[in-house]
Amino acid sequence: MLLRLCLLAAQALRLAGAALLSPGSCAFEDSACGYEWDYAHLPWALHGEGHYISVDTSYEGEKAVLSSPELYSEEWSCVRLIYQIATTSEPLPDPARLNLYLRQEGESFDRLLWSAKEPSDSWLIASLDLMNSTKKYKIILEGEMGQDKSASIAVFEIKITPGYCIECDFEENHLCGFVNRWNPNVNWFVGGGNIRNSQSILPKDHTLNSELGHYMYVDSVYVKHFQEVAQLISPKTTAPMSGCLSFYYQLKQESSIVFTVYLRDTSGFYEEIWKTESALSADWALAEVDFNAPYPMEVIFEVAFNSAKGGYVALDDISFSPVYCSNQTGTPFNPAEAGCNFEEDLCNFYQDHKDGPGWSRVKVKRNVYRAGDHTTGFGYYLLANTKFTSQPGYIGRLYGPTLPGNLQFCLRFFYALYGFFQMSGTLAVYIFEENHVVQEKIWSVLDSPKGVWTQAEISFKKPMPCKVVFVSWCKSFWDCGLVALDDVSLSLGSCQAADVLLPNPGECTFEKDECVFTQKKRGRGSWHRRRGPTPTSYTGPKGDHTTGTYSCR
């Protein structure tokens, strides 16, 4: 009788949990929860006993598509996907891949939010932020089988919850996608419930104020070396965010403990945003810190111990608000305002009157011997015409708008050189302080093909407000030629991080692959992805349009 009551209670809890699932969420226990697969492609198989849905290569086909019911939410949401990709051990040039798209009402293209191809022997979790919108939408899952004849892709659960993916109360088994960076001696563990594997006296959790609630903690019991470090890493943000990050912590210290919160971007750059100021916290203490993540970031909670008798740190209820803790006001910086294609004017760029008109906005007619502008081939660009200046020590400076400090930037632009005998000083990029004081040269031309638009990209970050300045300089009249500049753009994050970001719908540079473009092979004609010139003379460009170099595609 007691066993029957326990089974009934367990079933009631499971049904209650299912009832609480928000629209678009599914555990794939008894049904697909309104998710439908596209019968024009491979079928998805629902495994009721294992509670997952999967696709494999037992049928002929290239991919499988699964679409959610129509969804709507005006609030910021978090999509958590528990999945597994199983493949052979041999790496293949075209591996199996799982993609997640957002299909918004009224849009012509699906937006690729996330993609994974790493195989695993266990379930993995992906966390994706969905920005608030007034449009209805669908979640589209696409499993690409690639060249692996034994590949399979499985989805255990899709869960859509209101709020931000970096928020967590640690009451669920997936821990909201937070992971511990393993260390042989000190690590973050789940505390509370019936877990008691620490020699420290751990507190009740903050969420439920109960010993049955859960939290994360790190203990010094197994510390063996000076400055042993444990890190708890949040899911990576996938949409621009700024506001107030808050969390509750409890700290018991018998010797030195350093508890620090960092932001880490995709290039591995750390920025400290918070550190403990008090040595002892007998009860749960609230910490609040202003948080800016204009590009993908991870939040890292790091604890460093100096001895095995250091104590412990407990962490609970991480939350986020789009309103700054310190009541900051002002318009966030828009990097698009620091770029220009020079089609209409100089945008926010300007020249110093003391230098004279070193850069001129020009338009030339394109022909087989001379390229037009980089934007369209028929528009305007800037030209530093050093051959026709009367000054022997000519310098042309083009100043950009003021950029805020303490942000990582990626500067990209296109340039072309004509008639130079020496490359030194031909074109360089400097960082100036606001009062036009030179701080640092961050780039200069070393070698370049003549008469071809070539792309340059520079990552930089400065603690104070600054300006980007393009400088063309010739020391003598006979060494100078023409410098052309076009399509200056600025984005947040390092250039390496920007390359990792998924392209906008319908956009592709074809540098790495064909993105999501496919072709239907009809007859003998087909598209080929190539680098360098075309096979026949006088039929194609000298270099690709993206970078201008012969080695790119």
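This is a walk through the structure above, from the whole chain down to single residues.

Keep in mind that this is a predicted model, so local features are used only at pLDDT of at least 70 and side-chain atom pairs only at pLDDT 80 or more, while totals for chains, interfaces and linings take in all residues. Residues are numbered from 1 along each chain as its sequence is written, and side-chain values use heavy atoms, with hydrogens and water left out.

Let's start with the big picture. The protein has two helices and 29 strands; these are DSSP runs numbered from the N terminus, with helices being H or I of at least four residues and strands being E of at least two. Of its 553 residues, 44% are buried. Here buried means under 20% relative accessible area, exposed means over 50%, and partly exposed is in between, using a 1.4 Å probe and protein chains only. About 29,800 Å² of the protein is exposed, and carbon and sulfur atoms supply 53% of that. Such areas come from the Shrake-Rupley method with a 1.4 Å probe, and for residues only the protein chains shown count as cover. Now look at contacts, meaning heavy atoms within 4.5 Å. Among contacts with a separation of 6 or more, 76% are between residues 24 or more positions apart.

Next, go inside. A nonpolar core is a set of buried Ala, Val, Leu, Ile, Met, Phe, Trp, Tyr and Cys residues joined through side-chain atoms within 4.5 Å. The largest one has 73 residues, and the members that touch the most others are Trp 188, Phe 301, Phe 413 and Phe 470. Strand S24 (residues 407-418) gives this core its largest share, six residues. There is also a second, separate core of 33 residues, and Cys 26, Phe 28, Val 55 and Leu 81 are among them. Back to Phe 413 for a moment: leaving aside residues up to four places away in sequence, its contacts include Leu 427, Trp 443, Ile 458, Phe 470 and Val 488.

Now for a sheet you can trace by eye. Strands S23, S28, S25 and S26 line up in that order as an open, antiparallel sheet; two strands pair if DSSP finds at least two bridges between them. Which strands stand at the edges? They are S23 (395-403) and S26 (438-444), each with a single partner strand, so one side of each has no neighbour in the sheet. From one strand to the next, the twist averages 25°, an angle between N-to-C directions on a scale from 0 to 180 degrees, with axes fitted as lines to C-alpha atoms (for helices, over the stretch in contact). Inside the sheet, S25 (residues 428-433) and S28 (residues 466-473) pair over six bridges, and one of the partnerships joins Ala 428 to Val 471 in S28.

Gly 396 is a handy spot to zoom in on, since this glycine is in strand S23. Is Gly 396 buried or exposed? Gly 396 counts as buried because its relative accessibility is 0%. Its C-alpha atom is 5.1 Å from that of Ser 472, though the two are 76 residues apart along the chain. Beyond residues up to four places away in sequence, Gly 396 touches Gly 358, Trp 359, Phe 470, Val 471 and Ser 472.

Aromatic rings come next. Rings of Phe, Tyr and Trp (its six-membered ring) pair if their centres lie within 6.5 Å; planes under 30 degrees apart are stacked, over 60 are edge-to-face, and the rest are tilted. The count comes to 32 aromatic pairs. In one of them, Tyr 83 and Trp 114 have ring centres 5.0 Å apart and planes at 70°, so this pair is edge-to-face. Tyr 83 is in strand S5 (residues 77-86) and Trp 114 in strand S7 (residues 111-116), 31 residues apart. Tyr 83 is buried at 6%, and Trp 114 is buried at 13%. Phe 247 and Phe 301 are edge-to-face too, at 5.2 Å centre to centre and 85° between planes. Elsewhere, Phe 342, Phe 349, Phe 413, Tyr 415, Trp 443 and Phe 470 form one aromatic cluster.

Finally, check out two cysteines. Cys 176 has a positive phi, near 60°, and lies in the loop between strands S10 (152-162) and S11 (179-181). Cys 347 has a positive phi too, near 55°, and is in the loop between strands S20 (311-321) and S21 (359-363). Cys 176 is buried at 8% relative accessible area, whereas Cys 347 is partly exposed at 39%.
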